[in-house]
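Me: Please give me a close look at a single part of this structure. Pick the part that brings several stretches of the chain into one account, and set it against the whole. Keep it brisk.

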Amino acid sequence: MMSFEMNDRKKIGLGLTAFGVFFSFLGVVFVFDKGLLAMGNILFISGVSLTIGLKSTMQFFTKRQNYKGTISFGAGFFFVVIGWPILGMMLETYGFFVLFSGFWPTLAVFAQKIPFLGWIIQQPYIRSFFDKYRGKRVPV
């Protein structure tokens, strides 16, 4: 069994990823501010790279089944940088969901263990939605 060791590089990576999500959220709240959105994207990508390693990041984004998500996320980042933040965020959101769709089952199991949120997820209609995706593998 492999244990997850949390070294300083991974801690910094998780922090950068969290700041990237926060800056992207602020960019959307402040009416698609392209500076905040671009900063959020840079922090998110660098945080993921530090957390899982540069080689694993490159392998993840260049997998054949991830091409559609990688291209749309990259095109969205490009549109944010050139000044079209709404189109860019739509493309990035689509790319994000395509790239990280394999992580949703793991996230659902984790969310079921959170006290109040777990109770909500255990409700019959919501539980049936999560049960459809249970048992799939994480893509990394």
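Reply: Take contacts in the protein between residues at least 6 apart in sequence: 54% of them join residues at least 24 apart. That is the figure for a predicted model. The background is helical. The protein has 8 helices and 0 strands. Its pattern along the sequence reads α-α-α-α-α-α-α-α. Of its 140 residues, 29% count as buried. The surface it exposes comes to about 9700 Å². Carbon and sulfur atoms supply 73% of that area.

Now the part to look at: the largest pocket. Its volume is about 970 Å³. Its lining holds 28 residues. Thr-17, Val-21, Phe-44, Phe-96 and Phe-100 are the ones that lie nearest its centre. By class, the lining divides into 19 nonpolar residues, 8 polar and 1 charged.

Which helices build this lining? At least two residues each come from α1, α2 (34-52), α5 (85-99) and α6 (104-111). The most comes from α1, which gives 7 residues. Where does the pocket lie relative to the domains? Domain 1 covers 8-101 and domain 2 covers 103-139. Both give residues to the lining, so the pocket lies between them.

Start with α1, the top contributor to the lining. Val-21 is found in this helix, and it is among the residues nearest the pocket centre. Is Val-21 buried, partly exposed or exposed? Its relative accessible area is 47%. The cut-off for exposed is over 50% and for buried under 20%. Val-21 therefore counts as partly exposed. Across from it in the sequence sits Met-39, 18 residues apart along the chain. The C-alpha atoms of Val-21 and Met-39 are separated by 9.8 Å.

Ser-24 also has its place in α1, which runs over residues 8-29. Its relative accessible area is 15%. With buried set at under 20%, Ser-24 is therefore buried. What does Ser-24 touch beyond its neighbours within four places in sequence? The contacts are Leu-36, Leu-37, Gly-40 and Asn-41. The helix α2 spans 34-52, so those four partners fall in the range given for a second helix of the lining.

Between α1 and α2 comes a loop, and Val-31 is in it. Phe-32 lies in that loop too. What is odd about their backbones? Val-31 is not a glycine, yet it has a positive phi of about 50°. Phe-32, likewise a residue other than glycine, has a positive phi near 55°. Their exposure can be read from the relative areas. Val-31 has 70% and is exposed. Phe-32 has 27% and counts as partly exposed.

One more serine, away from α1. Ser-72 is found in helix α4, residues 67-82. Its relative accessible area is 8%, and it is buried. Not counting residues up to four places away in sequence, Ser-72 touches Leu-91, Glu-92, Tyr-94 and Gly-95. The range 85-99 belongs to α5, a helix that supplies at least two residues to the pocket lining.

Back to the pocket to close. It lies between domain 1 and domain 2. Its lining includes 19 nonpolar residues, and α1 gives the most to it.

Technical notes:
Residues are numbered from 1 along each chain as its sequence is written. This is a predicted model: local features need pLDDT of at least 70, side-chain atom pairs count only at pLDDT 80 or more; totals for chains, interfaces and linings use all residues. Side-chain values use heavy atoms; hydrogens and water are left out. Buried means under 20% relative accessible area, exposed over 50%, partly exposed in between (1.4 Å probe, protein chains only). Contact means heavy atoms within 4.5 Å. On a 1 Å grid over the protein atoms alone, a cavity is a set of points where a 1.4 Å probe fits but cannot get out, and a pocket is an open set with protein on both sides within 12 Å along at least five of seven lines; lining residues have an atom within 4 Å of a point. Grid points are joined across faces, edges and corners, and a volume is the space filled by probe spheres set on the points. Ala, Val, Leu, Ile, Met, Phe, Trp, Tyr, Cys and Pro count as nonpolar, Asp, Glu, Lys and Arg as charged, and the others, Gly among them, as polar. Domain bounds come from an automatic or database domain assignment. Accessible areas come from the Shrake-Rupley method with a 1.4 Å probe; for residues, only the protein chains shown count as cover.
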